[in-house]
Each structure stands twice: as C-alpha cells, then as structure tokens.
Amino acid sequence: MEAITSETELVERYTEGEGCIYNDFGSEQQWNAAEFNKLHLASCRHVRKYSEAAPKLWSRDLDDAVQWLEENRGEDGWSPCKECLGGETRKSLVSRHIAGQ
Ligand SMILES: [Zn+2]
C-alpha cells in the first residue's frame, strides 16, 4: 500500500482507475472502525475527496491491499465498500485474495 499524499495524486489515481484505494481512519478509532475504514476500487466516486484527516492508501493489486488490511487493521478494522465492491464481504475477499485461507 502506498500513501496518497496530495489531492493531485488522488485525482490521478482516481482518473487512472487502476487498483484500489483504502480510506484510512486508522486503528485508533474504536467505535465502528470497520464502517469508517473502507476499501474501494480506485474508480469509486466515494474516494474523490482528499482529506488529511483520513489519509488514503493506494494499491494496484487487490490481493496486496487485502493482505495489508488484515495485517494492519484486522477482522473488525475494515470493510469493503458496498457500492464499488458490491456483494463482497471482508470474509469473501480474504478467502479469495489471501493464499491459504
Ligand atoms: Zn467504493
């Protein structure tokens, strides 16, 4: 996962539409963290807004993103966007994108 550090970079990623973008409120958020920490496709309209308060991370590879999220945010720490990753749950992504699970 790579940090998106400016609005310009976000627009580039969004326009390119490759890979996925994770909206990170961090691991300090205690209440309903999974609902805030959302994984999106890079082309999702929900990632258009740049915010320093909730940094975005980008990965070209969905497998890598899922792996990173499991290691760094964990079971109750993130969820897929219902709009762009419709029908996917954290569980279905983990079982398909992390080898051996
Ligand atoms: Zn989305």
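Across which strands does H3 lie, and at about what angle to S2 does H3 run? H3 lies across S2, S3 and S4 and runs at about 20° to S2, where helices (H or I, at least four residues) and strands (E, at least two) are DSSP runs numbered from the N terminus. Axes here are lines fitted to C-alpha atoms, for helices over the stretch in contact, and angles run from 0 to 180 degrees between N-to-C directions. The model is a predicted one, in which local features need pLDDT of at least 70 and side-chain atom pairs count only at pLDDT 80 or more, while totals for chains, interfaces and linings use all residues. Residues are numbered from 1 along each chain as its sequence is written.

The sheet itself is open and consists of 5 strands in the order S1-S4-S2-S3-S5, with mixed pairing; two strands pair if DSSP finds at least two bridges between them. Its edge strands are S1 and S5 (79-80), each of which pairs on one side only. H1 packs on this sheet, touching S1, S2 and S4, and the direction of H1 makes about 115° with that of S1.

One can follow the strands in their order across the sheet. S1 (residues 2-4) pairs with S4 (residues 56-59) in the antiparallel sense over 3 bridges, and within this pairing Leu57 in S4 is the bridge partner of Ala3. S4 is joined in turn to S2 (residues 20-23) by 4 bridges, again with antiparallel strands, and here Ile21 stands opposite Trp58 in S4. S2 is also joined to S3 (residues 38-41), by 4 bridges and in the antiparallel sense; Cys20 stands opposite Leu41 in S3, while the bridge partner of Ile21 in S3 is His40. Finally, 2 bridges join S3 to S5, and these strands run parallel, with Ser79 in S5 as the bridge partner of Lys38.

Turning to the helix that packs on the sheet, Leu10, Arg13 and Tyr14 are the buried residues of H1, a residue being buried if 20 or more other C-beta atoms lie within 10 Å of its own, exposed if 12 or fewer, and partly exposed in between, with C-beta atoms placed from the backbone. These three lie on the same side of H1 because they cover an arc of only 95° around the axis, the arc being that of the directions from the helix axis to the C-beta atoms. The buried residues of H1 pack against S1, S2 and S4, whereas the face turned away from the buried side carries the exposed residues Thr8, Thr15 and Glu16. H1 is followed by Gly17, whose phi is positive, near 70°.

The largest nonpolar core (a set of buried Ala, Val, Leu, Ile, Met, Phe, Trp, Tyr and Cys residues joined through C-beta atoms within 7 Å) has 16 residues, of which Cys20, Ile21, Tyr22, Leu39, Ala42, Ala65 and Leu69 touch the most other members. H1 (7-16), S2 and H3 (62-72) each supply at least two residues of this core. Leaving aside neighbours within four places in sequence, Cys20 is in contact with Leu39, His40, Leu41, Ala42, Ser59, Leu62 and Ala65, contact meaning that the C-beta atoms, placed from the backbone, lie within 7 Å.

Glu35, by contrast, lies in H2 (residues 33-36) and is exposed, because 11 other C-beta atoms are found within 10 Å.

Technical notes:
Contact = placed C-beta atoms within 7 Å.
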